[in-house]
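Work through the following exercises with the sequence and the coordinates at hand. Each task is followed by a solution in steps.

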Amino acid sequence: MMQSKEKIQNHYKQEAFTKGLSKECSMQDSYVRDCETSFIINEIDRYYNYNKSLKILEIGCGNGYLLSILSNKYKELDLYGIEFSKELYALALSRQLKNVNLINGDCREENCEEDFFDVVITERVLINLLEKEDKIVALNNIHRVLKEKGRYIMVESFNEPLANLNKARKELLLEEIDEPYHNKYFSESIKESMSMIGFAELEPSVKKNFLSTHYFLARVFHEVIRPENSTMRNTELVKFFDLALPDSVGNYSPILFRVFEKQLSTKK
Ligand SMILES: C[S@@+](CC[C@H](N)C(=O)[O-])C[C@H]1O[C@@H](n2cnc3c(N)ncnc32)[C@H](O)[C@@H]1O
């Protein structure tokens, strides 16, 4: 575990030095970033409507980009962030967000009080835990810190849609996209573990494969017609088709938008 922890921390140290406080830190595709942010806000708003005193935790908050948006939007709520890269943690701290408490820690450890949060968010974080056992430890921790009926907003990458994306790429003689060396994607089989931990999956506010059309456009269609050495990300062509086409077509987005609810405990 130590070796992989160092590998991940080195990766994010580089990310902190090269991207700083920018929105592109850990996500170069601004369409994906914006859709993730809107999804998370929609989910909080669904809950916020009937609860004005939410406690929200973002695990793996990186440079604090999402927390800065949430802090501005929900000025009266208590927000918390955990980040294990000390460089990214320092960047998040430097934002001096008023209603945000930051912890420099590891989500596999018990950093927070039990039954404390109404909402826990992970945005491409648990995929950095390369061993399945570590993912289970982190998911158990999320369950532990959530209040009963609290929501876990999960924005994480999955293998099955990546395989579909690669099938489409192969047909067009494009190279396969591998998982980055610092990631190990989830598999759909995690659903069984989630229910054993005590989570029930809820219908999200948008389809969980919301980004599918975009991934097909950006990683298949655009790559076929893109002139060699031309721009890969955030092109006008992809932006146009993102607007022109319906979202959620097919199952080509490794990143899925999911929501889980902590079930009422059967423990005495
Ligand atoms: C892909 S980045 C996403 C950051 C942020 N959520 C965002 O969207 O900008 C993953 C983040 O999770 C953090 N992270 C990875 N493993 C972690 C762990 N075991 N405990 C806490 N944070 C972790 C990384 O340092 C990094 O900041």
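Which Phe residues form one aromatic cluster? The cluster is made up of Phe39, Phe210 and Phe257.

The model is predicted, so local features need pLDDT of at least 70 and side-chain atom pairs count only at pLDDT 80 or more, while totals for chains, interfaces and linings use all residues. Residues are numbered from 1 along each chain as its sequence is written, and side-chain values use heavy atoms, with hydrogens and water left out.

**Exercise 1. Lay out the sheet.**

Step 1. Helices (H or I, at least four residues) and strands (E, at least two) are DSSP runs, numbered from the N terminus. Two strands pair if DSSP finds at least two bridges between them.

Step 2. Seven strands make an open sheet with mixed pairing, in the order E3-E2-E1-E4-E5-E7-E6. At its edges are strand E3 (100-104) and strand E6 (199-202), each of which pairs on one side only. On average, neighbouring strands are turned by 20 degrees against each other, direction ignored. Axes here are lines fitted to C-alpha atoms, for helices over the stretch in contact, and angles run from 0 to 180 degrees between N-to-C directions.

Step 3. E4 and E5 run parallel and are joined by six bridges. Glu123 stands opposite Val155 in E5.

**Exercise 2. Place two helices against the strands.**

Step 1. Contact means heavy atoms within 4.5 Å.

Step 2. Helix H3 (residues 65-73) lies across strand E1 (55-59), strand E2 (78-83), E3 and E4, and runs at about 175 degrees to E2.

Step 3. Helix H7 (residues 190-197) lies across E5, E6 and E7, at about 125 degrees to E6.

**Exercise 3. Classify two aromatic pairs and find their strands.**

Step 1. Rings of Phe, Tyr and Trp (its six-membered ring) pair if their centres lie within 6.5 Å; planes under 30 degrees apart count as stacked, over 60 as edge-to-face and the rest as tilted. The whole structure has 12 aromatic pairs.

Step 2. Tyr80 and Phe117 are edge-to-face, with 5.2 Å centre to centre and 75 degrees between the planes. Tyr80 lies in strand E2 and Phe117 in strand E4, so this pair ties together parts 37 residues apart in sequence.

Step 3. Buried means under 20% relative accessible area, exposed over 50%, partly exposed in between (1.4 Å probe, protein chains only). Tyr80 counts as buried because its relative accessibility is 16%, and Phe117 is buried at 1%.

Step 4. The ring centres of Tyr152 and Phe260 are 6.2 Å apart and the planes are at 25 degrees, so the pair is stacked. Since Tyr152 lies in strand E5 and Phe260 in strand E7, the pair ties together parts that are 108 residues apart in sequence. Tyr152 is buried at 0%, as is Phe260 at 2%.

**Exercise 4. Describe the surroundings of Val125.**

Step 1. Val125 is found in the loop between strand E4 (117-123) and helix H5 (132-145).

Step 2. Is Val125 buried or exposed? Its relative accessible area is 12%, so Val125 is buried.

Step 3. Apart from neighbours within four places in sequence, Val125 is in contact with Ile59, Gly60 and Glu156.

**Exercise 5. Characterise a residue with positive phi.**

Step 1. Lys149, a residue other than glycine, has a positive phi near 70 degrees.

Step 2. Lys149 is found in strand E5 (residues 146-157). Lys149 counts as partly exposed because its relative accessibility is 36%.
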